[in-house]
Amino acid sequence: MKKILISGWLLATCFLQQAYAQRLRPDRIVLNVTEDPSRSAAVTWRTSEDAAVSYAELAPATADPRFTATAVRYTAVTTPPFADSLPVRYHHFTFNSLQPNTNYVYRVGQGDNWSEWFSFRTAGLPGEPFSFIYLGDAQVNIFSMWSRTIRKAWSVAPDARLIIHAGDLVNRGNNNNEWQQWFEAGGFIHSTVPGMMTTGNHEYYENAAGQDVPSAFWRPQFTLPENGPVGLEETCYYTDVQGMRFISLNSQEVEISDTLLARQKVWLELLLKNNPNRWTAITFHHPVLSTKKSRNNERLRENFKPLFDRYKVDLVLQGHDHTYARGRDGNKGPVYVVSVSGPKMSEIDPQPWMTRTGSYTQLFQVVDVKPKMISFRAYTTTGELYDAFDLEKQANGENLLKNKMK
């Protein structure tokens, strides 16, 4: 009996020690784009509130495991405890002065509690070919059903330089369990491929004052460029990758705030007017051209579409409607795409602007970018090619669109 009691005590003690260590060990580790991903990389992670200080370590990637001896340690920026009901801290650090097109490894943690070493590759130089992944809404049944989409996307394009998440990553922006599902579903992919997140309406909630505001989780758990308009930090921003300018707009604020609509409009025009890149892709949540007749994002369309046309934007990548549609407004201008990666689905209303449509199909998109051509491919979550087109850049800056689906 005594032996059993001692064994039980040891078992309980080991369990408590393991549970405590697990709280200190970092989780929700996510890599994000920076303004220049060829020279920098941003990482964010979470621990229990007991980890008042945390670190990030970085080294050039080698097959020789002795690389750990050359790793450089950096002290992270650490938040106060998140909330009484959620006693955690978030930590972030931006690695700077990196070399383009180079493999690095990093880990995060403190004391005896560290993550594994993660590998990533910095972006290359303008003109070098690259690929990126674009995902529409994840939103619901994230762990059980969205997981297969992001994992299949990564298996098709494991060397992607970034992943665009076009809003509604979760259904309830202030629900910790849904964010846990989102991070678990992506797993190491979130930690190794820089994410470019844009807010959707479901990343907003109504606060005590009756105002519609971004999720309390958004800024602590992502570290995104702060190069956008005042009041839209880490929701409206841009990054330049190998000759393509990627821009995130906050379409929810376009819908609800005259002031922040105006700021985005002025900022976007300056950004497009002074754009040294050959290609431009813009992402936001609410479609300029909806796939549902019952939806009409008029403020967005009237204020921003003329800028897209004037400055020859190439791709506009959106979500929100829980369907798939791709097309142009006429024979010129951007190619507009609406897509959905999670299982929440709607019927589509075919309209003249659409070239390819679909309903009740989970999808991901892989886009290959070269100096004179963009190749866009949409795949089902089970790996079948669903849509395909190429854009060839002409001497006058216009694009020749070539449909690749029979």
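# Exercises on a predicted model

Strand S7 and strand S9 run antiparallel and are joined by four bridges. The model is a predicted one. The exercises below start from this pair of strands.

## Exercise 1: the partners of S7

Find which strands pair with S7, and give one residue pair for each.

Step 1. Start with S9. Asn-103 of S7 has Arg-121 as its bridge partner in S9.

Step 2. Turn to strand S3 (residues 55-60). Six bridges join S3 to S7, and the two run antiparallel. Here Glu-57 has Arg-107 in S7 as its bridge partner.

Step 3. Add strand S8 (residues 113-114). S7 and S8 are antiparallel too, with two bridges. Gln-110 stands opposite Asn-113 in S8.

Step 4. Look at the turn. The hairpin of S7 and S8 has two residues between the strands, and Gly-111 takes a positive phi near 55° there.

Step 5. Check the cover. Of the eight residues of S7 (residues 103-110), seven are buried.

## Exercise 2: helix H2 and its surroundings

Work out which residues of H2 are buried and what covers them.

Step 1. Fix the helix. H2 (residues 142-156) has 15 residues. From first C-alpha to last it reaches 20 Å, close to the 21 Å expected.

Step 2. List the buried residues. They are Ile-142, Trp-146, Ser-147, Thr-149, Ile-150 and Ala-153.

Step 3. Recall the helix repeat. An α-helix has 3.6 residues a turn, so residues three or four places apart point the same way.

Step 4. Name the cover. It includes strand S10 (130-135), strand S11 (163-165), helix H3 (176-186), helix H4 (188-192) and strand S22 (363-369).

Step 5. Take H3 by itself. H2 and H3 pack at an angle of about 35°, with axes 8 Å apart. Their crossing is right-handed. From H2 the contact uses Ile-142, Phe-143, Trp-146, Ser-147, Ile-150 and Arg-151. From H3 it uses Glu-178, Gln-181, Trp-182, Glu-184, Ala-185 and Gly-186.

Step 6. Sort the contact by class. It has six nonpolar, three polar and three charged residues.

## Exercise 3: a sheet of seven strands

Trace the order of the sheet, then follow S17 through its pairings.

Step 1. Write the order. The open sheet runs S15-S16-S17-S18-S20-S19-S21, and its pairing is mixed.

Step 2. Find the edges. Strand S15 (237-241) and strand S21 (354-358) each pair on one side only.

Step 3. Note the twist. Neighbouring strands are turned by 15° against each other on average, direction ignored.

Step 4. Look from S17 (residues 279-283) to S16 (residues 244-248). They run parallel, joined by five bridges. Arg-245 has Thr-280 as its bridge partner in S17. Ser-248 has Thr-283.

Step 5. Add the helix. H7 (residues 258-273) packs on the sheet and touches S15, S16 and S17. Its direction makes about 175° with that of S16.

Step 6. Look from S17 to S18 (residues 315-318). The pairing is parallel over three bridges. Thr-283 stands opposite Leu-317 in S18.

Step 7. Check both faces of S17. Trp-279, Ala-281 and Thr-283 are buried on one side, and Thr-280 and Ile-282 on the other.

## Exercise 4: three residues, buried or exposed?

Decide whether Leu-268, Thr-380 and Pro-126 are buried or exposed. Buried means under 20% relative accessible area, and exposed means over 50%.

Step 1. Leu-268 lies in helix H7. Its relative accessible area is 0%, so Leu-268 is buried. Beyond four places in sequence, Leu-268 is in contact with Ile-247, Leu-249, Ile-282, Phe-304, Leu-307 and Phe-308. Pro-229 is 39 residues away in sequence and 9.3 Å away in space, C-alpha to C-alpha.

Step 2. Thr-380 belongs to strand S23 (residues 373-380). Its value is 10%, so Thr-380 is buried as well. Setting aside neighbours within four places in sequence, its contacts are Thr-361, Gln-362, Leu-363, Phe-364 and Tyr-386.

Step 3. Pro-126 sits in the loop between strand S9 (118-121) and S10. At 66% relative accessibility, Pro-126 is exposed. Not counting residues up to four places away in sequence, Pro-126 touches Gln-242 and Gly-243. Asn-274 is 148 residues away in sequence and 16 Å away, C-alpha to C-alpha.

Note on methods
Residues are numbered from 1 along each chain as its sequence is written. This is a predicted model: local features need pLDDT of at least 70, side-chain atom pairs count only at pLDDT 80 or more; totals for chains, interfaces and linings use all residues. Side-chain values use heavy atoms; hydrogens and water are left out. The expected span of a helix is 1.5 Å times one less than its number of residues. Buried means under 20% relative accessible area, exposed over 50%, partly exposed in between (1.4 Å probe, protein chains only). Contact means heavy atoms within 4.5 Å. Two strands pair if DSSP finds at least two bridges between them. Axes are lines fitted to C-alpha atoms, for helices over the stretch in contact, and angles run from 0 to 180 degrees between N-to-C directions. A crossing is left-handed if the near helix is turned anticlockwise from the far one by less than a right angle, and right-handed if clockwise. Ala, Val, Leu, Ile, Met, Phe, Trp, Tyr, Cys and Pro count as nonpolar, Asp, Glu, Lys and Arg as charged, and the others, Gly among them, as polar.
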